Amino acid sequence: MTTVLPAPLIADLETAGYFPQTAAHSLQLSLRDAEVLAHLVRPETTFDGPEVRRHLTVLVLTRTHLLTSHLDDDPADALNPSQVVATTERIRLQRITGTGLSQVFDTDGQRIPGREAEVTLGITWNGSQRVDLERAVCEDPNCQVDHGFTGTIAPADLAVRVSALADGDEAVAAALRFHSRLVDAIDALED
């Protein structure tokens, strides 16, 4: 059984303009029969030398899961000159170990005071880790011993940045609303 996506989510996928039918199909397969409580659609364009690459990240909140769907241009090969890869992950809300919200406010008087110029939503569920390594050294500047490596491991699951300048004030407001709904859903599990 698959869920019919709500009209606002379909409209946001179509507005993003990056394979909306593919994104909708991937989400429907992962949603199964779950009701969509909130969503966030984030298109992004990056430049890789002469190449222009488009990406789409879609977050969907249900009562029990967070779905993260990412659509990406696949490097073309001789047999398939143009492909898109859609990857969707279903994360149980109980697995989410943390959320973060970074807010940037302009102080130059160009924007409405107290309104975010940019936000970054961070969500961790220990699905992936980032490892930063460097050579270990000791205090002795004449030491020739190999001390191995030292480093840190940090969660690197998801960060979504939204800028009012690039995306508009409504996109920033939508990101803040999604963050609020996600935090409420996670908190409701603890009650």
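Colleague: The structure holds five salt bridges; what makes the contact between the side chains of Glu 35 and Arg 63 a salt bridge?

Modeller: The term asks for a side-chain nitrogen of Lys or Arg within 4 Å of a carboxyl oxygen of Asp or Glu, and here the N to O distance is 3.1 Å, so the pair of Glu 35 and Arg 63 qualifies. The model is a predicted one, in which local features need pLDDT of at least 70 and side-chain atom pairs pLDDT 80 or more, while totals for chains, interfaces and linings use all residues. Residues are numbered from 1 along each chain as its sequence is written, and side-chain values use heavy atoms, without hydrogens and water.

Colleague: What does the pair of Glu 35 and Arg 63 tie together?

Modeller: Glu 35 belongs to the loop between α2 and β1, and Arg 63 to the loop between β2 and β3, so the salt bridge links parts that are 28 residues apart in sequence. The names α and β stand for DSSP runs, numbered from the N terminus: helices (H or I, at least four residues) and strands (E, at least two).

Colleague: Why is α1 called oblique to α2?

Modeller: The axes of α1 (residues 7–16) and α2 (residues 20–31) come within 8 Å and cross at roughly 140°, where axes are lines fitted to C-alpha atoms (for helices over the stretch in contact) and angles run from 0 to 180 degrees between N-to-C directions. That makes α1 oblique to α2, because under 35 degrees is roughly parallel, over 145 roughly antiparallel, 65 to 115 roughly perpendicular and the rest oblique.

Colleague: Which residues meet where α1 touches α2?

Modeller: With contact taken as heavy atoms within 4.5 Å, Leu 9, Leu 13 and Glu 14 of α1 meet Pro 20, Ala 23, Ala 24 and Leu 27 of α2. By class, this contact has six nonpolar residues, no polar and one charged, with Ala, Val, Leu, Ile, Met, Phe, Trp, Tyr, Cys and Pro counted as nonpolar, Asp, Glu, Lys and Arg as charged, and the others, Gly among them, as polar.

Colleague: How do you know which strands are at the edge of the open sheet β1-β2-β3-β4?

Modeller: Strands pair if DSSP finds at least two bridges between them, and β1 (38–48) and β4 (83–92) each pair on one side only, so they are the edge strands. The pairing in this sheet is antiparallel, and the twist averages 15° from one strand to the next. For β1 and β2 (residues 51–61) there are 11 bridges, and Leu 40 stands opposite Leu 59 in β2. Helix α1 lies across β1 and β2, at about 10° to β1.

Colleague: What leaves one side of β5 and of β9 without a neighbour?

Modeller: In the open, antiparallel sheet β5-β6-β9, β5 (98–105) and β9 (158–163) each have a single partner strand, so one side of each is left free of a neighbour in the sheet. Eight bridges join β5 to β6 (residues 116–124), and Gly 122 in β6 is the bridge partner of Gly 100. Helix α4 packs on this sheet, touching β5, β6 and β9, with its direction at about 35° to that of β6.
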